[in-house]
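User: Could you take a close look at one helix in this protein and show me what surrounds it? After that, please carry on into the rest of the structure, in plain language.

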Amino acid sequence: MTPSPESSAPGSSAPGASAPGAPVSVADDRSAVTGRRRIAFAVHTDRDGLPGLATLIRSLALSNPGVCEDLVVLHPGLPDSSFDAARRLHPRLVTRRAEDRTAVFRLEGYDTVVALTPAMVVLGSLDELLRMRHGVGAVRQLLCAGEAGERRAVLPDGLLVVQRADVDEALADRLGDAAGDDLGPALTGALVPLDARYDFLARRLHDDTPVPGHVAVLRFTGPVGADAPGYGPATEARRRFELSDEEFRAAYCALPGRKHPDLLAHCAPPLLAARPSLDLARTVADVHRQQGRYDEAVAVLAPVVGDRLDAPRCHETLGVCLMALSRYDEAEAHLLLAAASPDVAPRAFAQLARLAWLCGRDADAHAYARQGLDADPTDGGCHGWYVRTRPRVPEPRRPDEAYGGDADHDTGDAARQLAHVALFAEGRENAGDKVLPEAVRSCFDRDTGPRRWYGQPVHRLVDEEALEQLNARRGIVVGGGGLFLPDTSPNGNSHWQWNVPDDLLARVSTPLAVFAVGYNVFDGQLYRRSRFAESLRVLVERSAFFGLRNHGSIDRVRELLPAGLRDRVRYQPCPTTVARHLDPERFASVERSDTVLVNCAYDRAGLRFGHDYGHFLAQTATALRSLRDRADVRYAAHMPADEKFVHDLRREHGIALPVEQLYAMSNDAVRGLYGRARLVIGMRGHAGMIPFGCGTPILSLVSHPKLAYFLSDIGRPEWGLSVHDRELGARLAERASAILDHHASAVADVHGAQELLWKTTRSNIGELRNTFGPS
């Protein structure tokens, strides 16, 4: 399903997706699910233009080092080997046959196409072009019309920014049939004029006029050749990018500031092979780490680092990568070497504390955190681990508190308990991750505390001692939440969030239920899935019940399983979505406040927003101005990082929102706040599922597939709007106003949509009570 009709990207069926178990798969790049905009640069060239193409590619990378979109090379039928030189320069080169340049108006698989030519070099930022959302952008060039004077024209070989949604067949035909040197008449009604700096003609720089500093794209035309007299500065601007492959790679890697990880991963390894250096090895390893290729990061860095004492940052990077591979002893040794440096010590000790905690060594974790605070008393990471691992005196818990970790252990009769493997949020962590474990337990027992439950944090290593504790319980519940995710707390044992080796998982002897787990991969998030697929197979084979929280996750997981195991994957909605049924007394009578709550999320912002964050912010500002005339609009922050939206909204658009800090509230307070609101507009999964479960109408800002999956399951796709929707502001205001105008029927619609979820959950719980036996 698509959250809105505007931005379903062609090609979203994941071309090139590999089979389960392949090293890398793009099967997760389902941009039609979220409406994520697909952008490409496109260049039409013949054989004579290939040298210019290479120069253009180098200039694009060196002038826009943080940009790495597909580069589509259109050609009249050149041999594939003709593009080998270009492929050495760019990791996302796509070749397609096309007779002429007008193919850019019908380029399948993309929403926005920036058309360039081999006669261009890029000298400045193209961010403004990548943020464009409407029409066909082009520069209207000033031309001499003889006796008629001067005129403006859109030249056929000029830069174009094409929004495919605005080019219908009639317009494409007109552009294809346009004759002469002006596309302007054919573009009537669609043309968006661009500043001349985006298609600056080199012929304007006669008499050796310097290239103006604001020029972003310089285009050479007509008789201006490499040695044309009178154009020295323009020619020199192009010659800066006529580099050998090694010179180009060195220039790119030496650039300051942010560089796109795909481009860096493409340029740096060959350079490292040609010019080995410690700093470059760390750069390459950091890129591999960002992409989840921890084994490659270790292979690059370990041989050049050794036990050198003058490379603390390299030891830190190597230690983190080794930890991600579950090579904990080696990781600890390198992190200790990193901690010897005062500059790196706080970060290294925070990682050491995390490592010790993962391995069940709480006393060591506490000591490491204390050493980090001695090095820097203000370090937040060390402070968090210091608090989390300090010895605790057991205290009576309120029923609404989150449970997990050692505080849950050994306070009840093991044979009567269920073990719960989950992410147990603490402190000022994600409010949804605090509410969720209690909701899971409420499905099985009204007592959600340590007397009936043994908590095993999902990220902690399952070793022999942990396995013994799990097997001592009458059953194990794993979930809920988006635990099928490779990168929040990576481990080499499973490649998803439960840190359990296959051989120990196979020795689980008590009934095991995977309950309301989600496949939490973002659009465009690629990772190596062979280890995950192997762990997943063992998990499904061992499970008495395997329930995923939406059908989108079910489809994704079934793709990774052998045919004989696929039917064992079942539907179990997230229990937060049926809170009214789990605790009917609490929600029997609700007094609504005149409040609309808004929530946004910022983890992996590049994957959420791409180039569209400014657009999203402006569009939501438009909607919120409208809503503030009729309701108290407030912001619901699930974690401190969510408050970026409030700061950006005030700075960019002058709108100040009161903030409700859900991360500092109890579970009851979170449910109470959401249950009293008239409407919740949320981007986080649980900013939709929790209020929905409380009976509150919702609208979802879809930046992750899981939101679209949930709305599809309940048959309400119209409750979701893509963050990339070109008309997001107007549509959001219209749908929110309709809910407020007809609130009673909107609440009834929520209640009706819950019925199937509750029926499914009740049936599954009945089955699991038989599986686990009496408590």
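Analyst: **One helix and its neighbours**

The buried residues of α17 pack against three strands, β13 (418-422), β14 (453-457) and β15 (476-478), and against the helix α18 (502-505). Keep in mind that you're looking at a predicted model.

So who are these buried residues? In helix α17, which covers residues 464-471, they are A466, L467 and L470. If you look down the axis of α17, they fall within an arc of 100°, so they line one face of the helix. Now turn to the other side of α17: there you'll find E465 and E468, which are exposed.

Let's follow one of those neighbours. The strand β15 runs parallel to β17, and three bridges join the two. To find the spot in the viewer, look for V478, which stands opposite V514 in β17. As background, strands of a sheet pair through backbone hydrogen bonds, either parallel or antiparallel.

β17 (residues 512-519) is worth a stop of its own. It is mostly covered, with eight of its eight residues buried. Strand β16 (residues 481-484) also runs parallel to β17, joined to it by two bridges, and here G481 faces V517 in β17. Then there's strand β18 (residues 545-548), which pairs with β17 in the parallel sense over four bridges. In that pairing, F515 stands opposite G547 in β18.

**Another sheet**

Now for a sheet elsewhere in the chain. It is open and has seven strands, in the order β3-β2-β1-β4-β9-β6-β10, with mixed pairing. At the edges stand β3 (93-97) and β10 (191-193); each has a single partner strand, so one side of each is left without a neighbour in the sheet. From one strand to the next, the twist averages 25°.

Inside this sheet, β4 (residues 112-116) and β9 (residues 160-163) make an antiparallel pair over four bridges. T112 is the residue opposite Q163 in β9. Helix α2 (residues 50-63) packs on the sheet and touches β1 (39-44), β2 (70-75), β3 and β4, with its direction at about 155° to that of β1.

**Charged pairs**

Next, zoom in on side chains. The structure holds 54 salt bridges, and three of them show how much the setting can vary.

Start with D84 and R87, whose side chains meet in a salt bridge at 3.3 Å, N to O. These two sit three residues apart in helix α3 (residues 84-87), which means they are separated by about one helical turn. D84 is partly exposed at 36% relative accessible area, and R87 is partly exposed too, at 27%.

E660 and R634 form a salt bridge as well, with the closest N and O atoms 2.9 Å apart. Here E660 is in strand β22 (residues 659-661) and R634 in strand β21 (residues 632-637), so the pair ties together parts that are 26 residues apart in sequence. E660 is buried, with a relative accessible area of 18%, while R634 counts as partly exposed at 22%. Why do those two get different labels? The word buried is kept for values under 20%.

Then come R716 and D749, meeting in a salt bridge at 2.6 Å, N to O. R716 lies in the loop between α27 (705-713) and β25 (720-722), and D749 in helix α29 (residues 743-772), so this pair ties together parts that are 33 residues apart in sequence. R716 is buried at 17% relative accessibility, and D749 is partly exposed at 26%. Salt bridges can also share partners: E438, D583, R586, D668 and R671 are joined that way into one network.

**What about the cysteines?**

A disulfide is a covalent bond between the sulfur atoms of two cysteines. How many does a search of the whole structure find? Zero.

Take C253: the closest cysteine sulfur, in C267, is 5.8 Å from its own, which is too far for a bond. To count as a disulfide, the two sulfur atoms have to be within 2.5 Å. C253 is buried, at 15% relative accessibility. C314 isn't in a disulfide either, and the nearest cysteine sulfur, that of C321, is 11 Å away. C314 also counts as buried, at 4% relative accessibility.

Conventions
Residues numbered from 1 in each chain as written. Predicted model: local features only at pLDDT ≥ 70, side-chain atom pairs only at ≥ 80, totals over all residues. Heavy atoms only, no water. Salt bridge = Lys/Arg side-chain N within 4 Å of Asp/Glu carboxyl O. Buried < 20%, exposed > 50% of the residue type's maximum accessible area, 1.4 Å probe, protein only. Pairing = 2+ DSSP bridges. Axes fitted to C-alpha atoms, helices over the stretch in contact; angles between N-to-C directions. Contact = heavy atoms within 4.5 Å. Arc of directions from axis to C-beta.
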